[in-house]
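Biologist: Can you walk me through this one? Short answers are fine.

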Amino acid sequence: MNPRFGLGVPTGTEGMMYPVPYATIDEAVELAVAAEELGYDSVWGNDHLTTQAYVREEFDQPPNFFDPLSYLTFVAARTQRIRLATCILVLPFRHPVVAAKQLATIDQLSRGRLVVGVGIGAYREEFEALHPGVKLHRGRYAEEALRSLQLLFTERRASFDGEFIRFADVESYPKPVQQPLPLLSGGNSPGSKDRAGRLVDGWLPACLTPAEVESGLAAIKESADSVDRQLPDHFEMALQLGISVAPTREEAEERFRSSQVYKHMESLAGSTLKDQQDGDLMSRNLVGTPDEVATQVQAYLDVGVDTFAGSLFACDTVGETLKAMELFRDEVMARFTS
């Protein structure tokens, strides 16, 4: 199977991966439509409810954070082929009974194009803004939420009685078109890998080297073995990276180093990208000339990456992003998808 290339769309990226302002809602939709027209496999929207403290300090203007599920629903009506994905949907933000209804509806409307990357959320402050004073072990909550979603997607009547989540005799129809609806465990942490191995259909980390992807997949296999589970044939290894392609390596590095997405990755040193900040973000993303980036892509494919998910181009405007998407399609993607 050819590798799949996806675009990170700006549902909740202003102030983090892109400047403020970056895209209106119309421009955000047009990016998804353009991605389909250019041959990308998927679009991936992230999930934020309130502005992070470090973003408020950097920008005077508040960023626009669009709801990813509403956005993907609209994009489903504007496209025909492209997969519609979350990267990631924050599980503690929504009760699983509500989330299951929303996700099944999008999968029905899109005729089976939804992919659900899920996680605990990179910023604890967002959960605390939603639930002041509430203490929650987000990893244990994520496990219960995933088990709940799987029950709601498959059982005629579903009930769950856990440490954090409880519901009884819920008959939720229609079910998703896809059985199973792809659920990917998002994040680089040991807990994310463990849940990927024991529970779901794929792994969705970010900013890893090929060697780290390989060791992560080995850990996932160990977790699967611990519960006598065989990873499904459709298990998806989806990796999110930044992209900066230019005629010279120096130009590509300078563009990446000066971009908002580079600053964002540096900001995650204490959370999502903990232990992945070794002073060389260049080697953990697709940065260089077309030949160099193609070599990097092949190195990831060799260790098991199926999908370059939610790619983030080192750009400051939508116009620059469209040009970068086209350049990447012509100079890199074409070598792997023809």
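Modeller: We'll take the enclosed spaces, then a pocket, then some backbone details and a helix residue. Keep in mind that this is a predicted model.

Biologist: Let's start inside. How many cavities of 30 Å³ or more does the structure hold?

Modeller: Two cavities reach that volume. The largest cavity comes to about 50 Å³. For the second largest cavity the figure is about 40 Å³.

Biologist: What lines the largest cavity?

Modeller: L89, V90, L91, R94, P96, A99, A145 and L149 form the lining of the largest cavity. Strand β3 (83–90), α4 and α6 (138–154) are the elements that each give two or more residues to that lining.

Biologist: And how do the residues of that lining divide by class?

Modeller: Seven are nonpolar, none is polar, and one is charged. The charged residue is R94, because Arg belongs to the charged class.

Biologist: Now the second largest cavity. Which residues line it?

Modeller: The lining holds G8, V9, T13, M17, W44, N46, C87, Q240, G310 and L312. Two elements, β1 (4–9) and β12 (307–313), give two or more residues each to the lining of the second largest cavity.

Biologist: What classes of residue are in there?

Modeller: Five nonpolar and five polar residues, with no charged residues, make up the lining of the second largest cavity. G8 and G310 fall among the polar ones, because Gly is put in that class.

Biologist: OK, pockets. How much space lies in the second largest pocket?

Modeller: About 230 Å³. The lining of the second largest pocket has 16 residues.

Biologist: Which of them lie nearest its centre?

Modeller: R4, R83, P182, H234 and E236 lie nearest the centre of the second largest pocket. By class, the whole lining has six nonpolar, three polar and seven charged residues.

Biologist: Switching to backbone. Which peptide bonds are cis?

Modeller: Y173 to P174 is one of them, with omega near 0°. Q179 to P180 is also cis, with omega at about 5°.

Biologist: Where is P174 placed?

Modeller: P174 is in the loop between β6 (166–170) and β7 (183–186).

Biologist: And P180?

Modeller: P180 is in the loop between β6 and β7 too.

Biologist: What about positive phi in a residue other than glycine?

Modeller: R111 has phi near 60°. D169 has a positive phi as well, about 55°, and is not a glycine either.

Biologist: Where is each of those found?

Modeller: R111 is found in the loop between α4 (96–109) and β4 (114–119). D169 is in strand β6.

Biologist: Is R111 buried or exposed?

Modeller: Exposed. R111 has 68% relative accessibility, so R111 passes the 50% cut-off.

Biologist: Last topic, E326. Where is the place of E326?

Modeller: E326 is in helix α12, which covers residues 318–337.

Biologist: How does E326 count for exposure, and why?

Modeller: E326 counts as partly exposed because its relative accessibility is 40%. That value lies between the 20% and 50% cut-offs.

Biologist: And what separates E326 from Q108?

Modeller: Their C-alpha atoms are 30 Å apart. Along the chain, E326 and Q108 are 218 residues apart.

Biologist: Thanks, that covers my list.

Note on methods. Residues are numbered from 1 along each chain as its sequence is written. This is a predicted model: local features need pLDDT of at least 70, side-chain atom pairs count only at pLDDT 80 or more; totals for chains, interfaces and linings use all residues. Side-chain values use heavy atoms; hydrogens and water are left out. Helices (H or I, at least four residues) and strands (E, at least two) are DSSP runs, numbered from the N terminus. Buried means under 20% relative accessible area, exposed over 50%, partly exposed in between (1.4 Å probe, protein chains only). On a 1 Å grid over the protein atoms alone, a cavity is a set of points where a 1.4 Å probe fits but cannot get out, and a pocket is an open set with protein on both sides within 12 Å along at least five of seven lines; lining residues have an atom within 4 Å of a point. Grid points are joined across faces, edges and corners, and a volume is the space filled by probe spheres set on the points.
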